[in-house]
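Subject: Structure handover

Hello,

Here is the structure I said I would pass on. My notes on it follow below.

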Amino acid sequence: MNMAPNYGITNNNEDEALLSSTDEPVQKTVKFAAATKQQLSISIPQPSDYTRNFNQGSQAAIIRSLRAAGVKFIRFATVDAYNTIRCKTVPLAQLSGQRRTNEVSSPLSNPVSIAEICFAGLPTSADVPAAPNLSSRNVLTLQPDFSSLRILPYASKTAMVMCTAHNQQTQELSPLCSRGLLQRVLHSAKEDLGIEFSVGAELEFMLYRENKDGIMQPVDMSTFGNATTLNEQEDFISTLYDQLERQDIPVELIHSESAPGQLEVVLSYSDDILQLADDIVYARETVTNVAKQHGMKALFLPKTSMMAAGNGSHLHFSFREAGSQHRNAFADPSQPTGISRKGESFIEGLLDHLPSLLSLSIPTVNSFRRVGPGCWTGHKLGWSTEDKDSPVRVCIDLNTQQASNVELKLSDAAANIYLELATILAAGMEGIKNGKVLRPMMNDENNALPLPQSLQESLDSLKKDELLLSILGDELSTAYIAVREFEARTETTLEEEVAAALNRA
C-alpha cells in the first residue's frame, strides 16, 4: 500500500509509541522528526495581512541626500512664544555615525533638547527669566517635521528643519509649543467644524545701508508703488527671489511701500497653513541674510520713525468646506454683504476678541507705535470693505468682484506667527460655532469703540478673555502674560529700539 509522505511530522499517538520504543534507530528517527517539526513551526503574515512600513529607511535616505548636496550640518529649530528662533546644530557626520553603529534606530527623530524656560520664559531683549511658572529644571525634546526641511541658500552647508516640542519622559506634545498649538487648532477646525482654512501673508521690511559718515539710514526716500527701490535694489530683489524659490516659498508680488527703503513681499495664498507659517519664518530669515550679502540690513521692526509708515505683516483669511477643492466658502453673492453666513460669523468672532488678540498680533511696545489715526492700520473696533484704514478689511477679488477674504492689518513681524494664527483662527471658529451675527459695517456715523492703545491695555483684555486663555492653556498664558508685562514696563525710546534692531539684523 502506498503511503503519502509526512516529512517527519507525526500525530501525538504515533509520537508516544515511538518515544516508548527502545530501538535505537527508531529513537534517532523520532529525534530527527521532532527537530524537523520544530523547524517548520514558523509562521509569516499572509500578503493581505502584511503592511509595509513606508517610513523605514527614510531617515537614512535624508542623510544620504543631504550629504550628496554638500550639507554638513542640520539645524533643529523652534520658535519661542516671543518670536525668537531657538535652534541647535548637529553635524551630519554625527547622525550618520549613530545610524551606522545602531546607537539609535531613528537618528533624526529626537537628537536635541532645549530647556523648557526657553520656550516661553525669556524676553526678547536678553536671556533673563521673566516667567514665574517656568524654570531651567525641565527640558523639552525637539521632534522634527521633515516636510519643513530646507537647505539654506544663504548658509549652503546647513539644512534647517522646524520642530515641535515634547516632554522628555512621556514624549507628549508640550503645552508651550506654539507650532503644536497651531496644529491642534487646525485639527479642531476640520474635525469639529468641517472647515479648512486658507491664509495669505504680506511681509514688509526696510532696507538700511551705512552712509559715508558711518550712519545707518534707509537706502532711499521712495514712496508707495515707486520704481526707485525696485530699480536700485534689483540685484537684492533678484537674489532674494532666487533664494526663496530654492526653498519652495512661492512669491506672488513684490513692490515698494510707503516708508523710505521699504519693500513688501507677498507670499502666495496657501491651503497649507502650517507650511505657510514655516514659510514666513524661513522668508524673514532669508530677507535678513540676503540683505547682509548685499551690504545692507533689513529691519522688520514695526516702527522705525514717527514720521514714516511702519512695517506690518498683514494676514488674509478665508475657508472652504473640508475635503472640497478650492471652493471659497467665505463668499456668498446672495448675501447683502457678499459674505457667507459662516464668513460673517468668523469676522464677528475675530472682532469680539480683537482687543485681546492685539497682545499676540502686535505684541510689543514698539508695535503700538504703529497704531493710530492716519496710520492705515485701524484704531477702532470694526470692519469695512476695501477700507485701508480699517483693522479688519474685507477684500474684493479683482476678477470676480466678489468678497474673497478678510484681512487683519493689525499684525506685524514681532508676533510668533504660529501663536498668532492659532489664536486668530480660534476666535473666528468660536464665531462660526456660535453663529454670531456680524455687526454693521464701520462708518463715520456709528460710534465704533477704540481699540487698546498700548500693549498693557491689550494684555489686560487678554487676562479676561476666557476663550483665548483656554486656547493658550494655563502654562503658556501665565508665562506669556508675565513676560509681555515685563517688556511693557521696560522703558525704551524709539531710537533705542531702532539701534537694538540694527544690531540684531
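I start with one residue in the interior. Leaving aside neighbours within four places in sequence, Phe236 is in contact with Phe205, Leu207, Leu263, Val287, Val290, Ala291, His294 and Met296. Please keep in mind throughout that this is a predicted model.

Phe236 also stands out in the wider packing. The largest nonpolar core has 121 residues, and Phe236 is one of those that touch the most other members, together with Phe76, Phe205, Phe317 and Ile347. The element that gives the most to this core is helix H9, residues 273-293, with 11 residues. A second core, separate from that one, has 11 residues, including Leu299, Ala308, Leu494 and Ala505.

On the chain as a whole: the protein chain has 16 helices and 15 strands. It has 505 residues, of which 51% count as buried. If one takes the contacts between residues at least 6 apart in sequence, 70% of them join residues at least 24 apart. The accessible surface of the protein chain is about 24,700 Å², and carbon and sulfur atoms account for 50% of that surface.

Next, the internal space. Rolling a probe the size of a water molecule over the atoms shows where empty space is left. The count here comes to one cavity of 30 Å³ or more, and the volume of the largest cavity is about 30 Å³. Its lining is made up of Thr78, Val79, Cys163, Cys177, Ser178, Arg179 and Tyr418. Sorted by class, that lining has four nonpolar residues, two polar and one charged. Strand E1 (73-79) and helix H6 (178-193) each supply at least two of the lining residues.

Last, a residue in a loop. Asp397 lies between strand E14 (392-396) and strand E15 (403-408). Is Asp397 buried, exposed or partly exposed? Its relative accessibility is 26%, and buried means under 20% while exposed means over 50%, so Asp397 counts as partly exposed. Not counting residues up to four places away in sequence, Asp397 touches Gln402 and Ser404.

That is the end of my notes.

Regards

Key
Residues are numbered from 1 along each chain as its sequence is written. This is a predicted model: local features need pLDDT of at least 70, side-chain atom pairs count only at pLDDT 80 or more; totals for chains, interfaces and linings use all residues. Side-chain values use heavy atoms; hydrogens and water are left out. A nonpolar core is a set of buried Ala, Val, Leu, Ile, Met, Phe, Trp, Tyr and Cys residues joined through side-chain atoms within 4.5 Å. Buried means under 20% relative accessible area, exposed over 50%, partly exposed in between (1.4 Å probe, protein chains only). Helices (H or I, at least four residues) and strands (E, at least two) are DSSP runs, numbered from the N terminus. Contact means heavy atoms within 4.5 Å. On a 1 Å grid over the protein atoms alone, a cavity is a set of points where a 1.4 Å probe fits but cannot get out, and a pocket is an open set with protein on both sides within 12 Å along at least five of seven lines; lining residues have an atom within 4 Å of a point. Grid points are joined across faces, edges and corners, and a volume is the space filled by probe spheres set on the points. Ala, Val, Leu, Ile, Met, Phe, Trp, Tyr, Cys and Pro count as nonpolar, Asp, Glu, Lys and Arg as charged, and the others, Gly among them, as polar. Accessible areas come from the Shrake-Rupley method with a 1.4 Å probe; for residues, only the protein chains shown count as cover.
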